[in-house]
Amino acid sequence: MTTRLKNPAVYYSLFGLQLTTLLAILSLSHSAGVVPGGLLAGAPPIALGLYTGWANTDTRHAAYVQLTQAGVVIALFLLVVMLASGWLVNGLLVFLLAIQVTRNITLTTRRDLSFCLFVTLVCLLFAAAQSRSSGFLVYMAAYTLAGGLTLAAVYQDDRMQLAIGQGHAPGRLRRWSVISGFSALLAVLSLVLYFAVPRPPAAHIGAFPAGGDNYYDDRDWLDEAVNPAGEALADSAVDGGSAGKARRDRGKSAAQDRDAGGSSGYGGFGEQLDIDDPGREGGAGLFNGIVMYVQAARPLYLRGKVFDTFDGRTWHRRHSGSEKLALDNGTLRFMEDTGHPVVQQTVNVVHDLPGYLYGADRIAALRFPGSVIARDSDRGLQVPGRLRSGTTYSIRSMIADAAGRPAGGAEPLPDPGDYLQLPADLSPRVTALAAEVMHVGSDMAAAGRLEQYLRTEYEYSFSTIVSSQGVIPLEEFLFETRRGHCEYFATAMTVMLRTQHVPARLATGFSATTYNPLTGYFEVRALDAHAWVEAWFPEYGWVLFEPTAFYPLPQPREDASTGSQLTEYLDDLSRVWDYLPGTDGEIHWSVLASHAWQRMAEFLQQLQFAIRHAAVLLAHWLWRFAPAGVFAAVLSGLCWYYLRYPWFRMRSRQRVMRGRRTLSPQAFAMLCYQELEALFGRCGYPRDPAWTVEEYIDGLRAFDARLAAPAGSIGNSFSRIRYALQPSAFEPDREVLCSDYLRASRAIPPLPALPGQGVLGFLRKR
Amino acid sequence: MPRPEPNRLFAPTTVLVLVSALLYLIAWNRGIALLYGMFALVLATLLVSWFTPRWALSRVEAVRRHPARASEGEDVEFVIGLENRGWIGRYMLEVWDHLPFAAPDSQQAMAFVPMLGDRHTVSMRLPCDLRGEYTFDSLTLKTGFPFGLHSATRRIATAPGTLLVYPAVFRIIRLDYLGNESLPADGNRSVIRAGGAGDFMGVREYRRGDSPRHIHWSASAHHGALMVRELEWISITRVTLVLNLNAADNCGEGRESTLEYAVKIAASIARHALDEGHSVALFGQGRNRLSIPGGRGEAHFQTLLDALARVRADGDTPCAEAMRLAGEHEGGRGVLVVFENQLSDAQAGAFIDAGQHRVIRVRFNTDSFLYPARRPAAGGRRIESGDQVYHIGRGADLERVFAT
């Protein structure tokens, strides 16, 4: 037996619980307006439903049943809308929540409450799996508090209903302060366990996810992938005819679109990279928000693009072409297992980026929500257009170990000349310096010495060096200022290696080294766009070097406690503030205020956009599905009109047939009469409550003469049994009754009468 | 009415353990830190739910106080005093006591204490369902504080106590055979009073039918009209209640058994007879012989009640034999009230011949006690073979039956 919940505190707590869950789900959205909008839209229905559940005493009242059914219909409607818009998972979540909001109306027992707890826990679990923000812990703490209060209230309510005696209850404030205290204890204990629980390396069984709000498709690319013309990797200067020119034009426009740096503003993903002005702006207007979250087992450099040709000031690629590759159901495998460790990375893009697939070299397999990608001669992967916010893709990279450095594994270098190119006007001082630092020899150790020399002898500075006309940036960096940003360091090492006949190239991408132990993700910010060096050695292949001071080489983390990881994360965050442009290590409050104002303006703008977008989406959806909706409505109407009566009759007959097998003769006689009355009532010929059975049967006879015998027989049997003064020994024949019922049911008209006509006609005939 | 504890397929803690294991597996597979957070949350809930109740029950003592006697149907209040010897208050304590005198579905009674500071008392009030002698020993403290997911239990020994529940007594207005055979006639009315000899009450005018022996001549001369003496005739009847304590003859269960009905009727007859000034004795042959000699007054009634509260149908002496023994034991004349279960006439006749007692027979319709679903037969009083026979079925209104 389920008892009714009586304590209003249970409903208060449930309101907090559901509201917290709603906020946790809304926090997954990257739009600033979603949270307050969703809160305004969701809180009143939750409150109203819970109030109704607490206040009503008869949950089977017709009004509540209809209200619940209406809520279910609305929930289904929302699900269909979101599925049609491509939001499968979010749609299911919204559906689940909407169902719970509807059930709040009839939430009166512990069973209902258990279902509510289950729904909110599942929603919170899903949100935890999707969230990338440390702030989600706040929602979990709030959920803990609300859940604790709910459980305590239910427990007390249950015990007080069971008790026959009761002691003095403490004051409300004291009672809830005690419970809140224990809930807070629970939250603190949870936090301690969260830091203490061992986290073995992830198994990733069946977890190679890709998805998001965007699907990347390009027909030209797909055609090229399916029918490669052999010109994919050719020099862009070769005139391949009009078709080739058209294709190259389209490729260039796509590249321009792809390489539009987005908010990151980093020129390292463009056609060429100016080491003096890589594209990062100085001052307070710089965006340094998180652009992607990376789930990986170790810190990584996610490479986007490689440059191989340097003219003294800018880098560009000798070969601009690319090979188009079609994905097989979103998956592409590049190489088989080479025995090197495999590192899986799942990248969640939260800000529009240039259209490269950022991943650690050397990519072995890819899963991406698209039909085609492009690959250049240096294994850089590109997508059609820009990489949009909301995209998720996964990469498996085989990372060899080259004396503690990440490497792509041994592979031949067919044309090392591409990577030994030097600027025509390179100063001999550079070559001499390289020789001096690296001593004699061109092996990895020498390269390592050069790397350490640059890291220790030069200073990192985010500020752009303002160069006057005629000054060569690289030489000024190496011999005059001895400070600069990462492009200088990387360029210096690349050039100096090349002077010592070591094939080297400059790679750009993102540094995924800031690990947030609270969420388990590497947080990649806009200013983590970075440049580093890759040098080729026969036994290791392309090996990663990090000559820039302040940037650590991405190496596997030693097993550290979560607490120390948290300390490291906070240190990283503080360094982010320290090296904001224009600060040189000091925090300028004007910079902070300016950032805050910018965020406020962005929030208002996004709120406005969200409202407008929702209206456009709704109109678009309605317009898109209007014909189908109209057709479905018409079809439904026709079915309802033509099939309603036959459906009622079929269902009634089924019940009678079932009763014939299972009921006693007297009970069966009662059933036959009740079904007869119900059937005719549904078909527009109801019995007036003031009529006796005999009067009703007379009315049926007058309506249709065919009903005279069968209805009379059924009515007589019913009267004898139902209205006998004493328990009757009369046992009617079931077969006769069944036959009479079937004959009577055939008198149902095939189509409904006009509104009111059937009833009026029936009454007139009476 | 308190409801029983619901049977759950899985205990909440079992569900939480499974959920936490599942969460850990999911978190490990996906490598998502926040899922470890969910695992930590569930695990912390389990730990708090496991250890806190045990702490909440520690250093709490209890004592019980209750009355020594009560009657069937009367509410009995049990007062339990709790003392917290810890420094911190205790919350959401459940005090469970087994009260066997209550109805079967109410015997496990619980008092809920939301907060226990230093000392506190709670009371539990329940109606006595069945007469008898009940003993109480330990109390049980239980709590699921704070979330009710897992409960800890602790038994607290208390001083043994006893409660004697007397049978319920209903009012009997009149019972035949209680009084002298030669009933004085005063006009058309018989006066039956017990407790003494014929006492002069006063004079009144002569009415047709009065005996001439009662004319008071001096009063008549004084009043100038015939006046008669009015006397209070007193007769004492010795009433012996003979209970059928044969276990095989006891039909029904609990309150709805022939023995319980018999005890109620016996107590009520004793009340009525003693109020009328008669002498009441009690006899029964169970495992041990129950024999309380005749007596009068309130103290004797208390003695009878004490015996009736404890009597059990644990013997194997047939009813007729018990009646015979009662007749022999009592000897002489008097009224025997016997309780029988649809004895055959032969047995009844054998008994009647055994003595010179007048018999009031209370005959139970055993079918109604054996088959509770059947409609109970209507009770009533009849004269059979010169005996007053009260037919009692299950559910009969005894006061109404004995008023007929």
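These are my notebook entries on a predicted model with a chain A and a chain B.

**Entry 1: chain A as a whole**

I began with chain A, which has 766 residues, 48% of them buried. I then went through its secondary structure and got 20 helices and 23 strands. For contacts, I looked at pairs in chain A with a separation of 6 or more: 78% of these join residues 24 or more positions apart. I also looked up the surface. Chain A exposes about 36000 Å², and 59% of that comes from carbon and sulfur atoms.

**Entry 2: where the chains meet**

Next I turned to the interface. How many residues of each chain are in contact with the other? I found 52 in chain B and 58 in chain A. My note to self on size: an interface is often described by the accessible area lost when the parts come together. Here chain B and chain A bury about 4900 Å² between them, with 72% of it on carbon and sulfur atoms.

Then I went looking for charged pairs. The count between chain B and chain A is one salt bridge. Which side chains make the salt bridge? They are Glu94(B) and Arg159(A), at 2.9 Å from N to O. Polar contacts across the interface come to 12 residue pairs, with both partners at pLDDT 80 or more.

I wanted to know which parts of chain B do the touching. Five elements each supply at least two residues to the side facing chain A: the helices α1 (12-30) and α2 (33-57), and the strands β4 (90-98), β5 (108-116) and β6 (119-127). The largest share is from α2(B), with 16 residues. Sorted by class, that side of chain B has 36 nonpolar, 10 polar and six charged residues.

**Entry 3: a stop at Thr20(A)**

I picked Thr20(A), which sits in helix α1 (residues 8-26) of chain A. Is Thr20(A) buried or exposed? Its relative accessible area is 10%, so Thr20(A) counts as buried, the cut-off being under 20%. I followed its side chain to the backbone oxygen of Gly16(A), 2.7 Å away. Leaving out residues up to four places away in sequence, I see Thr20(A) touching Tyr139(A), Ala142(A) and Tyr143(A).

**Entry 4: backbone oddities**

Before this check I reminded myself that most peptide bonds are trans and that most residues other than glycine have a negative phi. I wrote down the exceptions I looked up.

- Asp361(A) and Arg362(A) are joined by a cis peptide bond, with omega at about 25 degrees. I placed Arg362(A) in the loop between β10 (342-349) and β11 (363-367) of chain A.
- Phe145(B) and Pro146(B) are also joined by a cis peptide bond, with omega at about 0 degrees. Pro146(B) is in the loop between β8 (139-143) and β9 (152-156) of chain B.
- Asn329(A) is not a glycine, yet its phi is positive, at about 55 degrees. I found Asn329(A) in the loop between β8 (323-326) and β9 (331-333) of chain A. Asn329(A) has 67% relative accessibility, so I put it down as exposed, since the cut-off is over 50%.
- Arg379(A), not a glycine either, has a positive phi of about 65 degrees. The place of Arg379(A) is the loop between β12 (372-375) and β13 (381-382) of chain A.

How values were computed: Residues numbered from 1 in each chain as written. Chains lettered and ligands numbered in written order. Predicted model: local features only at pLDDT ≥ 70, side-chain atom pairs only at ≥ 80, totals over all residues. Heavy atoms only, no water. Contact = heavy atoms within 4.5 Å. Buried area = accessible area lost by both parts, 1.4 Å probe. Salt bridge = Lys/Arg side-chain N within 4 Å of Asp/Glu carboxyl O. Polar contact = N/O pair within 3.5 Å; in protein donor to acceptor, adjacent residues only side chain to side chain. Helix = DSSP H or I, 4+ residues; strand = E, 2+ residues; numbered from the N terminus. Nonpolar A, V, L, I, M, F, W, Y, C, P; charged D, E, K, R; others polar. Buried < 20%, exposed > 50% of the residue type's maximum accessible area, 1.4 Å probe, protein only. Areas by Shrake-Rupley, 256 points an atom, 1.4 Å probe, with all protein chains shown as cover.
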